[in-house]
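Please open the model in your viewer and keep the sequence beside it. The stops below say what to select next and what is to be found there.

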Amino acid sequence: MGFLTLAWALAGAGLGFAPPLWLKGIGGGLVALGVALMIAAVFAMWRHHTTVIPHRVPSDIVTDGIYRFTRNPIYLGDVFTLLGFSLLYGSPAGVLLIPVFMAVIQRRFIAEEEKWLGTKFASEFQSWAERTRRWL
């Protein structure tokens with residue numbers, strides 16, 4: 001939410017532009033894709049009766065559904081949402097924030113989550129991590 005707010009604020013502070021309709025369409029599609037990824041991920045975690053809340057130790061490892069394609073569909077959904085939002089509101093600065101956002105997510109959440117998964121579900125996590133990309 002903080003990165004979305006920053007992208008919006010930077011666009012409003014004179015660092016934005018009025019995007020053409022086609023760019024707004026792409027932006028809206030990316031936001032929809034991001035939300036769909038997040039919903040699919042939460043549904044998969046719900047089916048496995050494990051937590052979706054960061055910094056909580058999971059009770060199960062989820063490797064099916066959307067998790068067959070990406071190890072972090074919620075964070076990937078966040079990236080698509082930030083990109084789409086930035087396009088919708090004509091915020092080039094928002095687009096430039098994406099690598100920063102990904103680095104923050106990696107350090108603040110993914111590293112710890114993968115450590116827990118690797119400890120609690122060692123062989124299954126290792127196998128899944130070898131065949132499934134972190135982002136795309």
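Begin by selecting Arg47 in this predicted model, a residue that counts as partly exposed because its relative accessibility is 36%, a value between the 20% that bounds buried residues and the 50% above which residues are exposed. Add Asp64 to the selection and show both side chains, since the side chains of Arg47 and Asp64 meet in a salt bridge, with 2.8 Å from N to O. This pair links distant parts of the chain, for Arg47 belongs to helix 2 while Asp64 sits in the loop between helix 2 and helix 3, and the two are 17 residues apart. Is Asp64 buried or exposed, or something in between? Asp64 counts as partly exposed, because its relative accessibility is 26%.

Next, select Glu114 together with Arg71, whose side chains meet in another salt bridge, this time at 2.9 Å from N to O. Here too the pair links distant parts of the chain, with Glu114 in helix 5 and Arg71 in the loop between helix 2 and helix 3, 43 residues apart. Both of these residues, Glu114 and Arg71, are buried; Glu114 has a relative accessible area of 14%, and it counts as buried because that value is under 20%.

Keep Glu114 selected and add Arg134, because there is a further contact to look at: the side chains of Glu114 and Arg134 meet in a salt bridge of 2.6 Å, N to O. Glu114 lies in helix 5 and Arg134 in the segment after helix 6 (122–131), so this salt bridge ties together parts that are 20 residues apart in sequence. Unlike Glu114, which is buried, Arg134 counts as partly exposed, because its relative accessibility is 25%. With Arg71, Glu114 and Arg134 shown together, you have in view a network of salt bridges that links these three residues. How many salt bridges does the count come to? The count comes to 3 salt bridges.

Now turn to the largest pocket, which has a volume of about 450 Å³. To find its centre, select Met45, Thr51, Tyr67, Tyr75 and Glu113, which are the closest to that centre of the 26 residues that line the pocket. If you then colour the chain by element, look at helix 2, helix 3 (73–88) and helix 5 (98–120), the elements that give two or more residues to the lining. What is the make-up of this lining, in nonpolar, polar and charged residues? The lining divides into 16 nonpolar, 4 polar and 6 charged residues.

For the next stop, go to the surface and select Val42, Val52 and Ile53, which form a nonpolar patch there and have about 210 Å² of accessible area together. Val42 has its place in helix 2 (residues 21–47), and it counts as partly exposed because its relative accessibility is 37%.

Finally, clear the selection and view the whole protein. The protein has 6 helices and 0 strands, and from the N terminus on its elements run α-α-α-α-α-α. Along the principal axes of the protein, the C-alpha trace spans about 50 × 25 × 25 Å. Of the 136 residues of the protein, 38% count as buried, and Glu114 and Arg71, from the second stop of this tour, are both buried.

Conventions: Residues numbered from 1 in each chain as written. Predicted model: local features only at pLDDT ≥ 70, side-chain atom pairs only at ≥ 80, totals over all residues. Heavy atoms only, no water. Patch = residues over 30% accessible without salt bridge, like charges linked within 9 Å, V, L, I, M, F, W, Y side chains within 5 Å. Areas by Shrake-Rupley, 256 points an atom, 1.4 Å probe, with all protein chains shown as cover. Salt bridge = Lys/Arg side-chain N within 4 Å of Asp/Glu carboxyl O. Helix = DSSP H or I, 4+ residues; strand = E, 2+ residues; numbered from the N terminus. Buried < 20%, exposed > 50% of the residue type's maximum accessible area, 1.4 Å probe, protein only. 1 Å grid on protein atoms, 1.4 Å probe; cavity = no way out; pocket = protein on both sides within 12 Å on 5 of 7 lines; lining within 4 Å. Points joined across faces, edges and corners; volume = space filled by probe spheres on them. Nonpolar A, V, L, I, M, F, W, Y, C, P; charged D, E, K, R; others polar.
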